[in-house]
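Here is a short briefing to read alongside the model. Keep the viewer open and follow the charged residues as they come up.

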Amino acid sequence: MTEQLAVQPQASLPLAAMGWGETKAAYRLLGNEAIEPLDILKGHADRSLERAQAHPVVLGLQDTTELDFSSQPGIAGLGRLNYEARQGFYVHPTLLVTPDGQALGVTDAWMWSRKPKDEPDIKESLRWIEGYGRLADLAEQTPGTRFVYVADREGDLRDLLEEAQRRHHAADYLIRARHNRKLADEDDKLWDSVAASSPLGQIEFTLEANGERKARQVRQSLYAQRVTLKRKRKTDSDLSVTIILAQEDNPPEGVEPIVWRLLTNRLIDTLEQAAEQVDWYRRRWLIEIFFRILKTGCRVEKLQLSEIDRLQRALMIYLIIAWRILHVVTLGQQCPDLPCDVVFDPEEWQAAWIVKHRSQPPETTPSLNDMIRIIAGFGGFLGRKSDGQPGPKAIWEGMEKVRHYAVGLEIGKAVFASG
């Protein structure tokens with residue numbers, strides 16, 4: 001079922017299935033109450049952990065996205081989103097990536113729907129704390145790999161920092177600070193204290209384009225300070241953290257400077273150590289791309305299923321499909337010279353080659369970068385010098401066409417073989 005949906009990620013279930021029999025089988029799977037959604041993800045999660053074991057450091061990116069099904073009010077079990085008229089549910093996955101940006105897989109997904117305002121609801125901040133706990137569990141299973149929990153400002157929770165300390169920092173954390181907390185035994189607050197310290201030095205990097213924001217060069221001064229936070233409750237334990245301030249020095253006129261305040265449990269003494277943490281935090285944008293693939297490329301908000309449990313089972317399949325598209329994008333950028341058959345089946349890359357070049361495929365397998373650019377070309381990528389690397393949209397649209405080419409190639413071979 002995953003293979004069928006992967007070749008047509010934007011298609012409906014009936015359209016992606018090969019006939020009415022497979023359509024009924026797909027709906028039986030998604031309606032099977034004996035199957036928990038995370039059971040469907042488990043095989044992929046196990047393989048993701050295997051891939052992680054090959055790397056000394058792995059980042060566990062976590063964030064939340066809403067899935068809006070307001071256009072289908074008959075789905076049972078949906079809850080309100082930001083207001084009652086908008087109905088859907090939330091998903092909070094863990095995406096494993098390497099520090100250089102290779103997407104390794106999805107290991108879990110925290111899902112929930114809100115209840116009506118007059119009914120008691122779950123404590124939604126638990127998703128961040130439990131998310132850290134699950135990553136810490138993975139870290140304890142793989143002692144040869146250092147896991148780092150990476151989150152944006154919503155993850156800046158005292159209870160999460162306490163949980164990490166209670167677990168002896170089985171997984172490190174790197175969280176963008178949201179709260180300007182008071183310090184123990186001092187009148188200063190967290191942000192003011194680090195800003196008053198001496199800078200470790202400067203870094204430069206290219207800030208990726210994002211929506212209306214154009215890509216540009218950024219130069220930041222880095223500061224770091226180890227502090228002990230003031231207790232909020234008598235039951236709180238002493239809690240020491242490192243605060244890193246990354247402050248843009250000379251932004252373009254009229255442009256808001258890029259300022260990041262990051263919390264970590266690690267000791268930071270040098271510019272190199274602080275710069276490494278900033279580089280890791282910058283990888284967080286990959287989960288935003290992952291969500292865009294999931295919602296725009298796979299169109300999960302267009303699924304037509306009668307109950308939320310069925311939607312959540314289907315979502316597990318689409319999390320895997322969205323990861324594969326992101327994996328192709330990131331692997332092609334980081335390891336362009338690998339042979340393309342590490343990702344694509346022979347039928348896929350050979351069919352793409354034949355359609356592109358109107359000739360027989362070469363005996364030597366093309367590089368991954370060459371094949372990605374060919375496939376992205378079927379999805380509208382022009383391949384000009386100024387275009388850079390293909391993006392997810394061109395790749396998922398190109399892969400859909402390539403699968404059709406591969407089927408045609410298989411049919412052609414069968415016809416000629418039969419005489």
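Glu33 sits in the loop between helix 3 (20–30) and helix 4 (37–52); helices here are DSSP runs of H or I with at least four residues, strands are runs of E with at least two, and both are numbered from the N terminus. This is a predicted model, in which local features need pLDDT of at least 70 and side-chain atom pairs count only at pLDDT 80 or more, while totals for chains, interfaces and linings use all residues. Residues are numbered from 1 along each chain as its sequence is written, and side-chain values use heavy atoms, with hydrogens and water left out.

**A negative patch**

- Glu33 counts as exposed because its relative accessibility is 69%; the classes are buried under 20% relative accessible area, exposed over 50% and partly exposed in between (1.4 Å probe, protein chains only).
- Together with Glu36, Asp39, Glu307 and Asp309, Glu33 forms a negative surface patch.
- Patches are made of residues with over 30% relative accessible area and no salt bridge, with like charges joined within 9 Å and nonpolar side chains (Val, Leu, Ile, Met, Phe, Trp, Tyr) within 5 Å.
- Asp and Glu count as negative and Lys and Arg as positive, while His and the chain ends are not counted.

**Salt bridges**

- The structure holds 22 salt bridges, each defined as a side-chain nitrogen of Lys or Arg within 4 Å of a carboxyl oxygen of Asp or Glu.
- One of them pairs the side chains of Arg134 and Asp108, at 3.3 Å from N to O. This pair links distant parts of the chain, with Arg134 in helix 5 and Asp108 in strand 5 (residues 103–112), 26 residues apart.
- Asp108 is buried, at 8% relative accessible area, whereas Arg134 is partly exposed at 28% relative accessibility.
- Glu154 and Arg127 also meet through their side chains in a salt bridge, at 2.8 Å from N to O. Glu154 lies in the loop between strand 6 and helix 6 (158–166) and Arg127 in helix 5, so this salt bridge ties together parts that are 27 residues apart in sequence.
- Within that pair, Arg127 is buried with a relative accessible area of 6%, and Glu154 is partly exposed with 41%.
- Arg282 and Asp279 form another salt bridge through their side chains, at 3.6 Å from N to O. They are about one helical turn apart because three residues separate their positions in helix 8 (residues 271–282).
- Arg282 counts as buried at 18% relative accessibility, while Asp279 is partly exposed at 36% relative accessible area. Elsewhere, Asp63, Asp152, Arg284 and Glu288 are joined into one network by salt bridges that share partners.

**A buried loop residue**

- Thr145 is in the loop between helix 5 (126–141) and strand 6 (146–151), and it counts as buried at 6% relative accessibility.
- A polar atom of the Thr145 side chain lies 3.3 Å from the backbone oxygen of Ala52.

**Two pairs apart in sequence**

- Ser198 belongs to the loop between helix 7 (190–195) and strand 8 (201–207), and Ser198 is exposed at 60% relative accessibility.
- The C-alpha atoms of Ser198 and Leu222 are 9.0 Å apart, with their positions 24 residues apart along the chain.
- Asp370, in helix 12 (residues 368–378), counts as partly exposed at 43% relative accessibility.
- Between the C-alpha atoms of Asp370 and Pro339, which are 31 residues apart along the chain, the separation is 9.4 Å.

Methods: Accessible areas come from the Shrake-Rupley method with a 1.4 Å probe; for residues, only the protein chains shown count as cover. The place of a charge is taken as NZ of Lys, CZ of Arg, CG of Asp or CD of Glu. A polar contact is a pair of N or O atoms within 3.5 Å; within protein, one must be able to donate a hydrogen and the other to accept it, and residues adjacent in sequence count only if both atoms are side-chain atoms.
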